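Thank you all for making time this morning. I would like to walk you through one model, taking the charged pairs, then a small sheet and its rings, and then a few backbone details.

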Amino acid sequence: MNKAERLNQELIFLSSKNFFQINDLINEFKISKRTALRDITELENMGLSFYVENGRHGGYHLIKKELLVPVIFNLEEVSAIFFAIQALTLLSATPFEKSYKHIFDKLFATLPSPQQDYVSKLQESVSYYRIPSISKSNFLNIILESIVNEKIIDIKIHNNEQQLQIFNLLYRNGIWFCDAIDIVTKKWGTYRCDQFQSCKINNDLASTYTHLELKKFKQNYENNYHNIQFECELTSLGKELFKKNNYPNMYLKTEHGKNIMYGGYNRDEFNYMIDYLIGLGKNVRINYPEELKHSYIAELKKIINSY
């Protein structure tokens, strides 16, 4: 660990403390007493405020100022941050008001010219191929606020009004989804956020579920809802396609040298399972159930007959 990284870690280490002794730094970071003393001086120059208490049981008492001290990043860490932001710039909608492109430009402007040149060259050397948002979701910030504050939201989908408590937001294949429980029916479900016609936080309903309770609802739903078991064999390419696109009800294992995809689905998801398997093409072979196998073959025949 170089000096800059160590100083950052020491700031994080001290952020939750009111008092520390020099041995705390020595033991935590495996450094010498001389190095620890130099680091304390560096931390003070960076803005860490403290006063010293002498004596056998003395040490350094931190003066809390929210520990708003500068955090130092080396060039490699700066580059990693910009790569992460750039990878997200294709999202046309996020739970935040500012776009990732705006954040990228703002951070980029804070860099010295040599670092700007270096980051620019790195960005030009890598291309990002991701699925952009297919449709815009207008209420992501409200949904995220309701999750963090454990609030119920009033929504309208296809002109039907519902009250939901959202568990999480997820983004896959260009679409924002959320897992939620319907407060009235107590049914768990996954909803497309772009189908929300209206959305607002309901501050009148004070009794809501905790995040842990919602997690248990989700686990119970997964365990009981996907009650039809299936198993398929995948080719090497099929395994790769599975890793690129799979769902919580699907799992992968290697058995006797074969790639096995297995899991469960609900009757309501039957047609979607067929469509998913069709997408794997010749790289999948269904072992069971027979109904899934026959329907898959029937769908393949429809595709062939369309030509």
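Before anything else, a word on terms: I call a residue exposed when its relative accessible area is over 50%, buried when that area is under 20%, and partly exposed in between. Please also keep in mind that what you see is a predicted model.

With that cut-off in hand, take Lys244, which counts as exposed because its relative accessibility is 61%. Its salt-bridge partner is Glu240, and the closest N and O atoms of the two are 3.3 Å apart. Glu240, at 42% relative accessibility, falls in the partly exposed class. Both residues belong to helix α9, which covers residues 236–244, and they are four residues apart, about one turn of the helix.

Now for the other salt bridges. As general background, side chains of opposite charge can pair when their charged atoms come close. In this model the count comes to 11 salt bridges, and I will show you two others besides the one in α9.

Between Arg6 and Glu10 there is a salt bridge with an N to O distance of 3.8 Å. Here too the spacing is four residues, about one turn, with both residues in helix α1. Are these two side chains buried or exposed? Arg6 and Glu10 are both buried. The pair is also part of something wider, since Arg6, Glu10 and Asp39 are linked in a network of salt bridges.

The next one joins Glu42 and Lys3, whose closest N and O atoms lie 2.8 Å apart. This bridge connects distant parts of the chain, with Glu42 in helix α3, residues 33–46, and Lys3 in helix α1, residues 3–14, so that 39 residues separate the two. Glu42 is partly exposed at 28% relative accessibility, and Lys3 is also partly exposed, at 43%.

Let me turn to the sheet. It is an open sheet of three strands in the order β1-β3-β2, and the pairing is antiparallel. Which strands form the edges? They are β1, residues 19–20, and β2, each of which pairs on one side only. Looking at β2 and β3 in detail, strand β2 spans residues 50–53 and strand β3 spans residues 59–62, and four bridges join these antiparallel strands. Along that ladder, Tyr51 has His61 in β3 as its bridge partner, while Glu53 stands opposite Gly59 in β3. The hairpin made by β2 and β3 has five residues between the strands, and Gly55 there takes a positive phi near 110°.

The sheet also brings us to the aromatic rings. The structure holds 13 aromatic pairs, and among them is the pair of Phe20 and Tyr60, which is stacked, with 5.0 Å from centre to centre and 15° between the planes. This pair again links distant parts of the chain, because Phe20 sits in strand β1 and Tyr60 in strand β3, 40 residues apart. Phe20 and Tyr60 are both buried, and ring pairs link Phe20, Phe50 and Tyr60 into a cluster.

Rings appear with charged partners as well. Lys253 lies over the face of Tyr262, 4.8 Å from the ring centre, and Arg267 lies over the face of Phe270, at 5.5 Å from the ring centre.

Finally, the backbone. In general, most residues other than glycine have a negative phi, and most peptide bonds are trans. Where, then, does a positive phi turn up in a residue other than glycine? One of the places is His256, with phi near 55°; His256 lies in the loop between β10, residues 250–255, and β11, residues 258–265, and counts as exposed at 78% relative accessibility. Another is Lys30, which is not a glycine either and has a positive phi of about 55°. Lys30 is found in the loop between α2, residues 22–29, and α3, and is exposed as well, at 70% relative accessibility.

As for the peptide bonds, a cis bond joins Tyr288 and Pro289, with omega about 5°. Pro289 has its place in the loop between β12, residues 284–288, and α11, residues 290–305.

That is where I will stop, and I am happy to go back to any of these places on the screen.

Key. Residues numbered from 1 in each chain as written. Predicted model: local features only at pLDDT ≥ 70, side-chain atom pairs only at ≥ 80, totals over all residues. Heavy atoms only, no water. Salt bridge = Lys/Arg side-chain N within 4 Å of Asp/Glu carboxyl O. Buried < 20%, exposed > 50% of the residue type's maximum accessible area, 1.4 Å probe, protein only. Pairing = 2+ DSSP bridges. Phe/Tyr/Trp six-rings, centres within 6.5 Å; stacked < 30°, edge-to-face > 60°. Lys NZ or Arg CZ within 6 Å of the ring centre and 35° of its normal.
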